[in-house]
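Let us go through the charged pairs of this protein, one question at a time. Keep the sequence and the structure at hand.

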Amino acid sequence: MARRPAVRVQNRVRLLPRSEPQPDVLVARRARDRYAAAHPSAEGTLLVTEMAGSSLHTDRAIERPIYARQDIVEVWTADLAAEVVHEHTDPADGDCRSVRTAGRGAELPVAAPAVDDVLG
């Protein structure tokens with residue numbers, strides 16, 4: 001039986017060397033112990049979402065590069081004031097090379113590396 005990915009809200013993700021940011025929403029490969037022993041790592045993270053109201057500048061200038069340096073494949077920043085979602089993919093050199101912006105009514109396909117990664 002395939003294990004569904006873990007969706008974690010306001011929980012930490014372990015990043016190297018010693019960082020544990022707390023994204024608003026994180027989708028990770030499901031761990032056998034359901035992350036009882038440790039938070040998900042960057043390698044197990046499929047998607048990070050930051051809901052940005054007053055934190056938009058911090059999420060873009062500080063958080064997104066941190067996730068990109070850890071090779072997290074997809075980061076979404078929801079700009080609540082502008083009512084758009086910025087989808088950041090293709091991490092390299094401390095940032096994401098691909099950015100797509102979508103407003104209400106649009107769809108953002110998840111750029112997870114493979115269906116098996118999502119399904120476990």
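Q: Is R97 buried or exposed?
A: This is a predicted model. Exposed means over 50% relative accessible area. R97 reaches 58% relative accessibility, so R97 counts as exposed.

Q: Which residue does R97 meet in a salt bridge?
A: A salt bridge needs a side-chain nitrogen of Lys or Arg within 4 Å of a carboxyl oxygen of Asp or Glu. Here the N to O distance is 2.9 Å. The partner of R97 is D90.

Q: Is D90 buried, partly exposed or exposed?
A: The class between buried and exposed runs from 20% to 50% relative accessible area. D90 has 36% relative accessibility, so D90 counts as partly exposed.

Q: Where do D95 and R64 lie, and how many residues apart are they?
A: Their side chains meet in a salt bridge at 3.0 Å, N to O. D95 sits in strand β6 (residues 95–103), and R64 in helix α1 (residues 56–69). The pair links distant parts of the chain. The separation is 31 residues.

Q: Is R64 buried or exposed?
A: Buried means under 20% relative accessible area. R64 has 12%, whereas its partner D95 has 29% and is partly exposed. R64 is therefore buried.

Q: How many residues apart in sequence are the parts that R104 and E83 tie together?
A: R104 forms a salt bridge with E83, with the closest N and O atoms 3.4 Å apart. R104 lies in the loop between β6 and α2 (115–119). E83 lies in the loop between β4 (74–79) and β5 (84–92). So the pair ties together parts that are apart by 21 residues.

Note on methods
Residues are numbered from 1 along each chain as its sequence is written. This is a predicted model: local features need pLDDT of at least 70, side-chain atom pairs count only at pLDDT 80 or more; totals for chains, interfaces and linings use all residues. Side-chain values use heavy atoms; hydrogens and water are left out. Helices (H or I, at least four residues) and strands (E, at least two) are DSSP runs, numbered from the N terminus. Buried means under 20% relative accessible area, exposed over 50%, partly exposed in between (1.4 Å probe, protein chains only).
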